[in-house]
Amino acid sequence: MLVFVVKLIKFALSLLFLFALSAPAQADEIMAGLGYDRAHDGHGFDLHKVGKRWVLYFYTYDKAGQPEWYLGIGDMQFETISGEFLRFTYDPQADPPQTEDTEFSGRFFLDFSEAGSARACDDGVAREGAEQLALFEWKIGDESGSWCTEFLRFGQQAGSNPYLGGSWYAGAEDNGYGVNIAHMDDKLVAIAFYYDSQGSPRWALGVSTPETALIKLDHFTGFCRLCAPTPLVTTPAGTFLPRWDGSSEPGSGADKAELALAYPHAPFGQFDRKFTMYRITDGVVAVARQRYAYKPPPLDFCVATEAAGTGSLCAIKPSDLDPAARDIYARGSRADETLGFGYHAVAFPPDGVEIKGVYIHLTGSYGRPYNQDSGAFANRLLLREALEAGYITIQPAYNNRFAVNLDECSGSFKKLAVDNCAGNVRAEKITGEDLSEVTDTPPADSIEQRLIRLFAYLESQGVQFPYALYRDKKINWERVRVGGHSQGATHALYLGKYFGAARVCVLAGGYDVPDLVPSLPPERLADWLLDTSVSLNIGKVRAVTSIDDSSYEKFIRAYAVLGMEKGTHWQSFDGAPYLDTDGKVLSGHAAVVKDPRFSDLRAQACWQ
């Protein structure tokens with residue numbers, strides 16, 4: 001960052017960082033203006049409000065490092081703005097000259113709520129003093145990325161007398177190009193959005209003051225969105241000459257401007273315009289955040305309900321949401337008909353509870369969140385504890401008919417000889433991709449697809465979540481807490497490592513059996529637990545196990561390899577005999593989720 005700032009001081013961008021200040025924005029407001037990611041310095045966006053909608057101009061670089069821009073138009077739900085990116089081309093001989101590129105597809109999400117917990121903001125980049133952190137997820141064609149952005153403050157406060165910030169264009173009769181202005185104190189940052197000789201979208205940037213008549217604009221050659229950062233190279237691009245009327249409100253039709261731009265690289269191109277300036281955006285400095293207000297839904301859409309303390313439990317049949325989803329493993333044997341799958345269980349906190357987030361709990365092998373045969377919720381105690389802690393809790397039924405370690409990846413030499421057996425089984429059960437020869441989880445039975453169907457159904461029934469739980473057919477794992485018991489616990493650990501789950505709660509789990517590839521030297525754990533190509537943030541992982549669990553030594557062996565420390569990342573307990581709330585005797589393995597004496601340990605691991 002420091003090297004880049006030194007470079008910029010020599011060029012037009014220098015004032016943006018030379019005057020960067022640490023004055024915080026109001027926590028209850030979202031500031032309009034410039035945003036950027038320190039890890040991708042040189043790319044950025046300009047965010048503004050237009051009526052009930054938002055526009056986000058993404059100024060960036062193509063694969064050759066040349067400047068390009070995209071126009072994002074979106075809506076805000078609570079503290080997340082999401083929408084489509086549009087790409088325009090320009091032919092001055094056509095009518096109209098600007099044309100939307102209908103073959104292009106792009107999307108964006110800008111999430112201002114708890115961005116600091118996102119994996120993109122946990123990338124080792126120092127962000128001291130960062131203001132208005134946001135998770136910026138973008139998709140441009142076949143490229144995608146998740147960036148940790150912040151508000152780019154280059155003055156003490158928004159400019160005034162008058163405020164000139166916003167998006168300026170030549171009106172409905174001559175649009176497709178324009179100039180965005182960021183205005184703080186007595187400084188202006190102007191970004192011109194124009195086109196080269198082939199009609200491709202380009203941008204140039206300059207820094208000035210309202211009193212300076214002519215603003216010099218520079219072209220920047222940078223690094224592509226997925227490339228390692230390299231120093232920017234600047235080339236003069238032209239000028240922007242605004243003539244503010246001063247006697248009327250800015251944007252009322254009295255302000256004039258001239259653009260004189262020359263794209264300095266092949267295919268080159270001159271772009272000169274004289275126009276009346278209209279401000280298409282609202283010209284507001286900040287917008288109040290839309291705070292989430294939870295209301296428990298009516299439960300008439302549930303196939304079964306039950307009171308849980310002051311909250312409620314709801315059962316939902318998976319095959320009602322997707323005819324391809326199974327509610328049981330198969331017809332035939334009693335084991336196939338009664339072990340695993342079942343119905344989804346959802347726990348809703350009562351009205352008046354402060355909602356802290358969404359918790360996803362994955363059932364262990366052979367269990368059912370809601371058993372349609374007995375009419376019982378299997379984890380009443382844990383669900384009640386979660387909802388009373390302030391979490392809307394989702395317990396999906398998924399393909400857990402067989403245990404990963406006992407059934408699918410051991411028991412025969414053929415299974416043990418499957419390389420990365422446990423890792424591929426878990427990945428297939430989570431995603432539905434055909435990755436393993438020892439399990440069969442079609443997409444309709446995968447954890448991700450079942451959750452997406454369930455989230456969408458709940459939303460259609462009026463359930464409002466505090467943030468977007470899925471995007472582009474993918475779970476937004478970085479926003480949710482995920483935990484589980486036994487098989488489900490190790491699924492949660494896998495999700496923490498490979499999907500960046502916000503928090504991982506491991507209850508009697510975390511170990512997977514090693515395979516025999518390679519046979520020498522023998523491995524002590526499954527390949528994915530030993531995989532160093534992807535790091536697990538153990539600061540987000542908490543585990544609880546009983547010393548009377550038959551797998552206790554295996555669990556703590558895995559914790560040690562992962563760098564988890566007892567007392568910090570994992571806790572153990574004893575105290576047999578273990579009993580559930582009905583006085584039924586439990587094994588140490590089951591006591592982790594069902595013995596009420598250990599509610600504090602569960603709370604520390606899962607909800608604190």
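Start by selecting Tyr-366, in the loop between β25 and β26 (370-371). This is a predicted model. Phi of Tyr-366 is near 75°, a positive value in a residue other than glycine. Most residues other than glycine have a negative phi, and most peptide bonds are trans. Tyr-366 is partly exposed, at a relative accessible area of 30%.

**Stop 2: the open sheet**

Select the nine strands of the open sheet, in the order β22-β23-β24-β28-β25-β31-β32-β33-β34. The pairing is mixed. Look for the edge strands, β22 (304-308) and β34 (570-573), each of which pairs on one side only. Ignoring direction, neighbouring strands are turned by 15° against each other on average.

Zoom in on β33 (residues 541-546) and β34. These two pair in the parallel sense over four bridges. Here Val-544 stands opposite Gln-571 in β34.

Now add helix α5 (residues 380-388). This helix lies across β22, β23 (311-316), β24 (344-348), β25 (357-362), β28 (391-395) and β32 (503-507). Against β28, α5 runs at about 150°.

**Stop 3: the cores**

Which residues have the most contacts inside the largest nonpolar core? Select Phe-348, Ile-360, Ile-394, Leu-458, Trp-477, Val-482 and Leu-493. The core has 83 residues. Helix α9 (residues 447-460) gives the largest share, six residues. A second, separate core of 49 residues includes Tyr-57, Trp-168, Ala-170 and Met-277. In soluble globular proteins, nonpolar side chains tend to be buried together.

Go back to Ile-394 and show its surroundings. Beyond its neighbours within four places in sequence, Ile-394 is in contact with ten residues you can pick out by name: Ala-345, Val-346, Val-358, Tyr-359, Ile-360, His-361, Leu-451, Leu-454, Phe-455 and Leu-458.

**Stop 4: helix α12**

Select helix α12 (residues 552-562). Its buried residues are Tyr-552, Phe-555, Ala-558, Tyr-559 and Leu-562. Look down the axis: these buried residues fall within an arc of 130°, so they line one face of the helix. On the other side of α12, Glu-553 and Ala-560 are exposed.

What do the buried residues of α12 pack against? Add α10 (487-498), β32, α11 (527-530), β33, β34 and α13 (588-594) to the view. Just after α12, stop at Gly-563, where phi is positive at about 85°.

**Stop 5: His-491**

Stay with α10 and select His-491, which lies in this helix. Buried or exposed? His-491 is buried, with a relative accessible area of 0%. Leaving out residues up to four places away in sequence, His-491 touches Leu-362, Tyr-398, Arg-426, Lys-429, Ile-430 and Ile-447.

**Stop 6: the barrel**

Select β2-β3-β4-β5-β6-β9-β10-β11, the order in which eight strands close into a barrel. The pairing is antiparallel. The twist averages 30° from one strand to the next. For one pair, take β9 (residues 106-111) and β10 (residues 134-140), joined in the antiparallel sense over six bridges. Gly-106 stands opposite Ile-140 in β10.

**Stop 7: strand β15**

Move to β14 (residues 187-195) and β15 (residues 201-208). They pair in the antiparallel sense over eight bridges. Ala-190 stands opposite Gly-206 in β15. The hairpin has five residues between the strands, and Gly-199 takes a positive phi near 80°.

How many of the residues of β15 are buried? Eight of its eight. Both faces are covered. Pro-201, Trp-203, Leu-205 and Val-207 are on one side, with Arg-202, Ala-204, Gly-206 and Ser-208 on the other.

Pick Arg-202. This residue is buried, with a relative accessible area of 8%. A polar atom of its side chain lies 3.0 Å from the backbone oxygen of Pro-67. Among the residues that Arg-202 touches are Asp-62, Trp-69, Tyr-194, Tyr-263 and Pro-267.

**Stop 8: two cis bonds**

Follow that last contact to Pro-267, in the loop between β18 (256-262) and β19 (270-276). A cis peptide bond joins Ala-266 and Pro-267, with omega about 10°.

Finish at Pro-162, in the loop between β11 (143-151) and β12 (166-169). Asn-161 and Pro-162 are joined by a cis peptide bond, with omega about -5°. Asn-161 has a positive phi of about 55° although it is not a glycine. At 78% relative accessibility, Asn-161 counts as exposed.

Methods: Residues numbered from 1 in each chain as written. Predicted model: local features only at pLDDT ≥ 70, side-chain atom pairs only at ≥ 80, totals over all residues. Heavy atoms only, no water. Core = buried A, V, L, I, M, F, W, Y, C linked by side-chain atoms within 4.5 Å. Buried < 20%, exposed > 50% of the residue type's maximum accessible area, 1.4 Å probe, protein only. Contact = heavy atoms within 4.5 Å. Pairing = 2+ DSSP bridges. Axes fitted to C-alpha atoms, helices over the stretch in contact; angles between N-to-C directions. Polar contact = N/O pair within 3.5 Å; in protein donor to acceptor, adjacent residues only side chain to side chain. Arc of directions from axis to C-beta.
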